[in-house]
Amino acid sequence: MIAILVACFSTLAVGQQAAAPQQRGTPLDRIVAIVGTRPILASQLEEELVQLQAQGRALPADSAGRAGLRRQILDEMIELELLVQQAQRDTAVKVTEQEVLDQVEQSYQNVRKQFNSDAEFRDQLRTARFGSVEEWRRWLADEQRRALYSRRLIEAQKQRGNLRPIPPSDTQMREFWEQNKAQQPRRPATVSFRQVVIKPQPDSVARARARQVAESLVVELRRGADFAGAAKRFSADSASAVQGGELGWFRRGAMVKEFEDVAFSLRPGVVSDVVATPFGYHIIKVERTQPAEILARHILIEPEVSPEQVAIARRLADSVRTALARGASFDSLARLHADTQEPKLAEEAPITQLPPDYQQLLASDTTIGLKPVVTVGADTPRPKFVILQITARHSEGELTYDEAKVRIRDALGEQLAIRHYIDQLRRQTYIDVRL
């Protein structure tokens, strides 16, 4: 419904042409719409048409069809402009230039690595009618900035309770289904289950040793040791360790509470005290902040788990499975023994997206009910033991309306709320369409 261009170059890498800002010496533009005090130019509208072609969409062959498509695209551009202008008036919506530059740089790096040489990269830019890399980066910065403003405004309105989903009618849901069912993928083979995941826990000696290591690292870091280098050497979080502990930008709700409470209270550049979470002991350093978001690094020191603790966890998993087989309450056992960081229920989970150990079991056992204890990560120092009870299975097939109905309701409900909000902005804003 709302066309927001957040990256311009993904299609260029495969040799498609995209439009660029008007070059010197070309005829003067004309205004096709005014939103508030800002004009939308004919060249900008043509850029959007070229983008559609670059994405593989065939344009109507007849003049009436092309005129209708232009009007549809212009309406979407007007909607985006309404959102951007409202975001710029809203004091709670912030987009920093550094944030825009970071995204542009990330886009540049992602695109540049698709080409074998600078010459090939610049040739593609010229094909796309950009005079230089800097011209493309300036154009992309403006697109990124506008997209960020519109998204932040929608997020702010949701947080204020002003964009509550509007329940769609059955007719609207059916129309949406009929218009989009041809593009729906086949329903994958799925399984529903409940589980109790038991992880071996480090003993008190291992926890004390890990905390001591973390505290000694804090001392060294506060004396000036390189945080990124220490993360690469010592952090047990392999995903972030290779990036020097980099976690990227995140908001509240992305990390466990103990971690967030400390991270969001730190000033940039300050090394935290040791922070204990269910994962181990963390050292946190915030790099930059912006409204409601921080850019941070961390080091995770994970207590070792002894073979004895693994054996204890295995025996516990066996006993929980036996209790379930004898009719004990799943909820009670899960409350007592399940790892709190693992989900207890899964509905219609695609089998191919489950861990390999789950897939292996489900490939050989297609029945419903309680399964043997599944060992995940058997060859690692920290295996998990899963008591799995299958409640339903569905084979691969065509997706039906009834199966998609909940997702359709959720998606349409949000779209209708945004549409209502944009309609309010339209009524409050001067709009002059000259197409």
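In this predicted model, lysine 371 touches Arg321, Leu361, Asp365, Leu388 and Ile390, when residues up to four places away in sequence are not counted. The position of lysine 371 is in the loop that lies between strand E9 (369–370) and strand E10 (374–376). The relative accessibility of lysine 371 is 1%, and this residue therefore counts as buried, since the term applies to values under 20%. The side chain of lysine 371 is also joined to that of threonine 367 by a polar contact of 2.6 Å.

Charged side chains were examined next. Side chains of opposite charge can pair when their charged atoms come close. In the predicted model, the number of salt bridges comes to 37, counted where a side-chain nitrogen of Lys or Arg is within 4 Å of a carboxyl oxygen of Asp or Glu. Three of these pairs are described here in turn.

One salt bridge is formed by arginine 70 and glutamate 46, whose closest N and O atoms are 3.0 Å apart. Because arginine 70 belongs to helix H2 (residues 63–89) and glutamate 46 to helix H1 (residues 42–54), this pair ties together parts that are 24 residues apart in sequence. Both partners fall into the intermediate class of accessibility, which lies between the limits for buried and exposed residues: arginine 70 is partly exposed at 22% relative accessibility, and glutamate 46 is partly exposed with a relative accessible area of 34%.

A salt bridge is likewise found within helix H10 (residues 257–263), where lysine 257 and aspartate 261 are 4 residues apart and hence separated by about one helical turn. The N to O distance between the side chains of lysine 257 and aspartate 261 is 2.7 Å. Lysine 257 is exposed, with a relative accessible area of 57%, whereas aspartate 261 is partly exposed at 33% relative accessibility.

Arginine 152 and glutamate 293 form a further salt bridge, with a separation of 3.2 Å between the closest N and O atoms. Since arginine 152 lies in helix H5 (residues 133–159) and glutamate 293 in strand E7 (residues 293–301), the pair ties together parts that are 141 residues apart in sequence. Arginine 152 and glutamate 293 are both buried. These two residues also belong to a network of salt bridges that links them with Glu99, Glu155 and Arg251.

Glutamate 293 leads to the surroundings of strand E7. Of the 9 residues of E7, 9 are buried, so this strand is largely enclosed by the rest of the structure. Glu293, Leu295, Arg297, Ile299 and Ile301 point one way from E7, while Ile294, Ala296, His298 and Leu300 point the other way; residues of both sets are buried.

Strand E7 is paired with two other strands. Strand E4 (residues 246–250) runs antiparallel to E7 and is joined to it by 4 bridges. Within E4 and E7, tryptophan 249 stands opposite leucine 295. Strand E6 (residues 280–290) is also antiparallel to E7, and 9 bridges join this pair. Histidine 282 has leucine 300 of E7 as its bridge partner. E6 and E7 form a hairpin with 2 residues between the strands, and in this hairpin alanine 292 takes a positive phi near 70°.

Note on methods:
Residues numbered from 1 in each chain as written. Predicted model: local features only at pLDDT ≥ 70, side-chain atom pairs only at ≥ 80, totals over all residues. Heavy atoms only, no water. Buried < 20%, exposed > 50% of the residue type's maximum accessible area, 1.4 Å probe, protein only. Pairing = 2+ DSSP bridges. Polar contact = N/O pair within 3.5 Å; in protein donor to acceptor, adjacent residues only side chain to side chain. Contact = heavy atoms within 4.5 Å.
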